[in-house]
Protein chains: 2
Amino acid sequence: MHAMSIKQVAEAANLPAKTIRYYEDIGLITPARGDNGYRSFGETDLHKLRFVARARSLGFSVDECRTLLAMYEDTDRASADVKALAETHLTRIDEKIRELTEMRQTLSHLVHCCAGDDRPGCPILDDLAGTGRAD
Amino acid sequence: MHAMSIKQVAEAANLPAKTIRYYEDIGLITPARGDNGYRSFGETDLHKLRFVARARSLGFSVDECRTLLAMYEDTDRASADVKALAETHLTRIDEKIRELTEMRQTLSHLVHCCAGDDRPGCPILDDLAGTGRAD
DNA sequence: CCTTGACCTTCCAGTGACTGGAACCCCTAT
DNA sequence: ATAGGGGTTCCAGTCACTGGAAGGTCAAGG
């Protein structure tokens with residue numbers, strides 16, 4: 001009941017099989033092998049994969065996932081360490097949002113200024129070329 | 001006055017020299033060469049590089065920059081084409097912002113819930129492990 | 001028994017947009 | 001002659017996969 005093929009665990013963890021093989025390659029998980037050389041995943045493997053999938057979906061890098069997994073396994077570590085990692089990541093996210101919002105601002109202004117008809121004059125290109133008026 | 005070395009044009013366009021060589025590699029620009037084999041950049045090259053740098057800073061892919069440059073060069077194209085490209089990109093940016101904001105939301109909630117002291121219990125890890133309460 | 005098809009395996013190459021480094025050439029000034 | 005500060009090429013690495021080729025394994029059907 002708890003020995004899964006890669007396809008089964010992929011479905012259960014909602015990750016592509018390719019990605020799971022990759023995670024083994026880089027040492028995130030170490031599934032057992034059957035007599036035929038096939039990978040055989042247990043509950044612990046599935047648990048880890050789900051953990052990583054969730055952390056990845058929150059934007060943590062694979063390396064940070066490794067650290068988070070290690071922290072999860074080490075029941076003695078201080079919650080402050082986890083919090084610090086998460087806060088660093090939060091700062092990074094904020095920075096990205098800031099950058100994107102700035103891009104969005106500029107670009108949406110330009111799009112607004114562009115007639116979008118069949119004539120050639122285009123304030124978007126003018127801005128990129130540095131010949132645009134601030135308007 | 002208008003034949004620049006790679007270092008000079010790099011400074012003028014505010015791009016690393018390495019990046020400029022890369023842009024030549026992929027055919028974005030084709031600077032002339034001097035007798036010694038050194039690249040020799042003219043005003044047009046500088047102009048293009050600045051154009052690309054600006055477009056990149058707005059988040060367009062290098063391939064889109066290629067298209068934008070071609071559109072800029074083609075004085076007959078309709079501004080609607082440019083606008084369409086920009087609008088597609090704008091949608092992409094919005095989508096990214098949405099994703100990041102969602103991550104931010106979840107993560108900041110978790111960080112808030114975490115004591116961040118020297119004790120081991122940590123709602124962040126609990127959430128990743130799927131054992132966390134919704135709280 | 002043989003084949004078909006769905007699985008599984010490994011390994012290699014490519015993605016995007018650079019970035020770092022090695023090994024080597026060129027030119028000027030001391 | 002040598003030191004330095006340019007320049008050149010090419011190769012490898014980043015990140016997190018993803019696609020594909022070549023081939024092994026297994027259960028079911030004819």
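This is a short talk on a predicted model with two protein chains, A and B, and two DNA strands, C and D.

Some ground rules before the contents. Residues are numbered from 1 along each chain as its sequence is written, and chains are lettered from A, with ligands numbered from 1, in the order in which they are written. Because the model is predicted, local features need pLDDT of at least 70 and side-chain atom pairs count only at pLDDT 80 or more, while totals for chains, interfaces and linings use all residues; side-chain values use heavy atoms, with hydrogens and water left out.

I will start with the two protein chains. How is chain B placed relative to chain A? A rotation of 180° with 0.0 Å of shift along its axis superposes chain B on chain A, with an RMSD of 0.0 Å. The two copies are thus related as by a two-fold rotation axis. The superposition is by least squares on the C-alpha atoms of residues with pLDDT of at least 70 in both copies. Among the residues of chain B, Ile97(B) comes closest to that axis, with its C-alpha at 3.0 Å.

Now the interface. In contact, meaning heavy atoms within 4.5 Å, are 50 residues of chain B and 50 residues of chain A. The copies meet through the same surface, because 100% of the interface residues of chain B are also interface residues in chain A. The size of an interface is often given as the accessible area lost when the parts come together. Here the chains bury about 4300 Å² between them, 73% of it on carbon and sulfur atoms; that is accessible area (1.4 Å probe) lost on being put together, summed over both parts. Leu107(B), Leu125(B) and Leu128(B) supply 16% of the area that chain B buries against chain A, more than any other three residues.

There are also 4 salt bridges between the chains. A salt bridge is a side-chain nitrogen of Lys or Arg within 4 Å of a carboxyl oxygen of Asp or Glu. One of them joins the side chains of Asp94(B) and Arg104(A), at 2.7 Å from N to O. On chain B, helices H3 (43-57), H4 (62-73), H5 (79-113) and H6 (123-129) each supply at least two residues of the side that touches chain A. Helices here are DSSP runs of H or I, at least four residues, numbered from the N terminus. The largest share of that side, 21 residues, comes from H5(B).

Next, the DNA. Which residues are closest to strand C? They are Lys7(A), Arg39(A), Lys18(B), Tyr23(B) and Arg56(B), out of 19 residues that surround DNA strand C, each with a heavy atom within 4 Å of the strand. Of the atoms of strand C within 4 Å of the protein, 71% belong to sugar or phosphate and the rest to bases. A backbone N or O atom of Lys7(A) lies 3.1 Å from a phosphate oxygen of strand C. The largest share of the surface near this strand, 4 residues, comes from H2(B).

Strand D also has 19 residues around it, the closest being Lys18(A), Tyr23(A), Tyr38(A), Lys7(B) and Arg39(B). For this strand the sugar or phosphate figure is 66%, the rest being bases. A base oxygen of strand D is 2.3 Å from an N or O atom in the side chain of Lys18(A). Lys7(B) has a backbone N or O atom 2.9 Å from a phosphate oxygen of strand D. Near strand D, H2(A) gives the largest share of the surface, 4 residues.

How values were computed: A polar contact is a pair of N or O atoms within 3.5 Å; within protein, one must be able to donate a hydrogen and the other to accept it, and residues adjacent in sequence count only if both atoms are side-chain atoms. Buried area is the accessible area (1.4 Å probe) that two parts lose on being put together, summed over both.
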